[in-house]
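Please open the model in your viewer and keep the selection tool at hand. The stops below move from the whole chain to single residues and their surroundings.

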Amino acid sequence: MILSCHNLTKAFGEELLFSGCSFHIEDREKAAIIGANGCGKTTLMRMLLGLEDADEGQSTISKDKTFGYLSQHQEDMDGNRSVYEELLTAKADVIQMEETLREMEAKMHTMQDETELKTLMDRYETLSHSFDLANGYAYQSEVLGVLNGLGFLEEDHEKSVSALSGGQKTRLALGKILLTAPDILFLDEPTNHLDMDSIRFLENFLINYKGAVVLISHDRYFLDKIVTKIIEIDNRKATVFSGSYSDYAAKKQQLMESAMHAYLNQQREIKHQEEVIAKLKSFNREKSIKRAESREKALAKVEVLEKPAGDAPQMHFTLTPSRISGNDVLLVSELEKCYDSHRLFTDLSIDIKRGEHVALIGKNGTGKTTILKIINGLVNPEHGMIRLGTNVEIGYYDQEHHVLHMEKTVFDEISDDYPDLTGTQIRNTLAAFLFTGDDVFKKIENLSGGERGRVSLAKLMLSTANFLILDEPTNHLDIASREILEQALNRYEGTVLYVSHDRYFINRTAHRILDLENETLLSYLGNYDYYLEKHDGENARMQPIGGLQAVSSPAPSAPQPAEPETVSENKQNWQAQKEAQAKRRKLENGLKKAEEEIEKLETALSELDATMAKPEIATDIGKLSTYSKEAEEKRARLESLYEEWEDLSGQLEEME
């Protein structure tokens, strides 16, 4: 075991993030901390590192174990160094060994004393062996491999660190941590700012990494590839699940359904027992009252299950086009764009039909966002034709949220664009995107990236567009919000073109993939898994479609007939279910009849008692005897019905 934590608890003021958080990490284990935005994932990671104090509990990293930490913000790099020089600092110990070896070699050529020479040669051999174990003879190739794998071009190597963007600095920091190869890696959102090729490089690196890894990520595809343990923070508690993200998702659903099923069953049983107790007491006979009291004691000892806590509030929305567009939605031909002397792409063609969901993918810097901006008229191309089809109305989601006005409040952002909406309608819309109370009066400039994304999605929902153009719509969204967006897009009857690095999201929502590579587009008719299979394979079937090279997904195979054994087993199960239902109905009908007859007999006995109490009957021995005999018969029958009711009730309880 390389890391353990026990009973970690953290609160900010009166707001409790989590309590009683306990788990451990084994050597070489790959684990992920997941949960909704704001649940405390980064805080927990910092507590494991000793960078944040716990209110209660403790965490321990094994003695003499090294660790590396990638945070979401990088500030500890020398801006005067080049990218390559900064990355070399991760190999400072190896470089120092190399310099010492060169110095030793120089001394060997000049040293005369044989004893001193032998001592030096022994030291040289020992250090040379350590240098070899540290991969010293290939450290420069290792550094270049990480640079290339994380998407740094050759011309970036000599670029000053101070000239890098925030995303590039994060990639550089990630590269340094990977090269230091600590015993345990702590990575907070490591796939942010990485394109798909870089994410795949990181996946392969971590899969083969000899140390342990603890990471935070909303990238479900990445999690499925890497982790074997999930630590979920939900409802202020941490729960550990073994397996990949998909294993976790399936187990989580089963646990939620099982917990709710157990709760509802217990509530039904409690209600049933209370009804039986009331019924037994109503019989007003010593035997029945004793049975009722026995049941009451048993019921008092039952440990009542808490109702399972519902999920945290989630945004909910539906995308509905205002009208149907023509079949031809977008036609782009011979599109070309350059920035100064750098050409992004040339002779691009795109043909999108109504109802298609198309994902545009490619490496960072190839021009994906530029294509979306050109289609929206925000950027002018050097050359090319863009034509929208009949009745096409665009709804645009901008990852940089330039469509939002930073100086406005959330409420004004909606009301100014949709003046026909009442205040109540605006508040209801914003509530669907988790803006309630005074949240609606926050200024856009003061919102987090995820909150700005939710405002942009709210405006998109209100637009009733029939052609959605989305630039990285899942950025800053937690896993639950991404799934809600997926559901909304899959129900959407309009057309969608989007840029995304979220492969899980693409797999769930894309009908076709456009891959921007080497200044041109390749079209793949399928989801991301199909694209990956064909892009990496050698047997892709290619044909020209609308100025694109296209790869078609294979026709679905015909459904296979069910095995006879399966059919027979299903039939037996169905018959058993029908027999059980018939038996249950028989018991319920028997109970109902017994209750009806008990009620009639109790009424009749009350009437007989009243009759026998009359003076003229009480003094008439003949009539009193007749009525007494009738009452005795009814009481005997009633006693029998009480027994029958209890027996039927018990059988029904056993069946349930």
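Contact here means heavy atoms within 4.5 Å. This is a predicted model, and every stop should be read with that in mind.

**The whole chain**

Begin with everything displayed as a cartoon, where the protein shows 20 helices and 20 strands. The radius of gyration is 36 Å, well over the 26 Å that the globule rule gives for 656 residues, so the protein is more spread out than a compact globule. If you align the view to the principal axes, the C-alpha atoms fill a box of roughly 140 × 80 × 60 Å.

Switching to a surface, you are looking at an accessible area of about 35200 Å², 48% of which belongs to carbon and sulfur atoms, while buried residues account for 42% of the 656 residues. If you then display contacts between residues at least 6 apart in sequence, 69% of them join residues at least 24 apart. Colouring by charge brings up 76 positive and 112 negative side chains, with the centres of the two sets lying 6 Å apart.

**Val-240 and its surroundings**

Select Val-240 next, which sits in strand 9 (residues 237-242). Which residues does Val-240 contact, leaving aside its neighbours within four places in sequence? They are Ser-22, Phe-23, Lys-229, Ile-230 and Ile-231. For one of these, Ile-230, you can draw the distance between C-alpha atoms: Ile-230 lies 10 residues from Val-240 along the chain, and the two C-alpha atoms are separated by 5.8 Å. Val-240 itself is partly exposed, with a relative accessible area of 38%.

**Lys-176 in helix 6**

Move now to Lys-176, placed in helix 6 (residues 166-180). Is Lys-176 buried or exposed? Its relative accessible area is 18%, and because the cut-off for buried is under 20%, Lys-176 counts as buried. Displaying its contacts, again without the neighbours within four places in sequence, brings up Met-77, Glu-86, Leu-87, Thr-89 and Ala-90.

**Aromatic rings**

Show the aromatic side chains, among which the structure holds 13 pairs. One of these pairs is formed by Phe-205 and Tyr-209, whose rings are stacked, at 5.9 Å centre to centre and with 25° between the planes. The two partners fall into separate accessibility classes, since Phe-205 counts as partly exposed at 22% relative accessibility, whereas Tyr-209 is buried at 9%. Then select Tyr-221, Tyr-524, Tyr-528 and Tyr-531 together, as these tyrosines form one aromatic cluster.

**Two positive phi angles**

The last stops concern the backbone. Most residues other than glycine have a negative phi. Where, then, does Asp-64 lie? Asp-64 is in the loop between strand 4 (56-61) and strand 5 (67-70), and it has a positive phi of about 70° although it is not a glycine. With a relative accessibility of 70%, Asp-64 counts as exposed.

Finish at Glu-334, which is also not a glycine and has a positive phi of about 55°. Glu-334 lies in strand 10 (residues 328-339), and at 43% relative accessibility this residue counts as partly exposed. Setting the two stops side by side, you have Asp-64 in a loop and Glu-334 within a strand.

Note on methods. Residues are numbered from 1 along each chain as its sequence is written. Side-chain values use heavy atoms; hydrogens and water are left out. Helices (H or I, at least four residues) and strands (E, at least two) are DSSP runs, numbered from the N terminus. The radius of gyration is taken over C-alpha atoms; the globule rule is 2.2 Å times the number of residues to the power 0.38. Buried means under 20% relative accessible area, exposed over 50%, partly exposed in between (1.4 Å probe, protein chains only). Accessible areas come from the Shrake-Rupley method with a 1.4 Å probe; for residues, only the protein chains shown count as cover. Lys and Arg count as positive and Asp and Glu as negative; His and the chain ends are not counted. The place of a charge is taken as NZ of Lys, CZ of Arg, CG of Asp or CD of Glu. Rings of Phe, Tyr and Trp (its six-membered ring) pair if their centres lie within 6.5 Å; planes under 30 degrees apart count as stacked, over 60 as edge-to-face and the rest as tilted.
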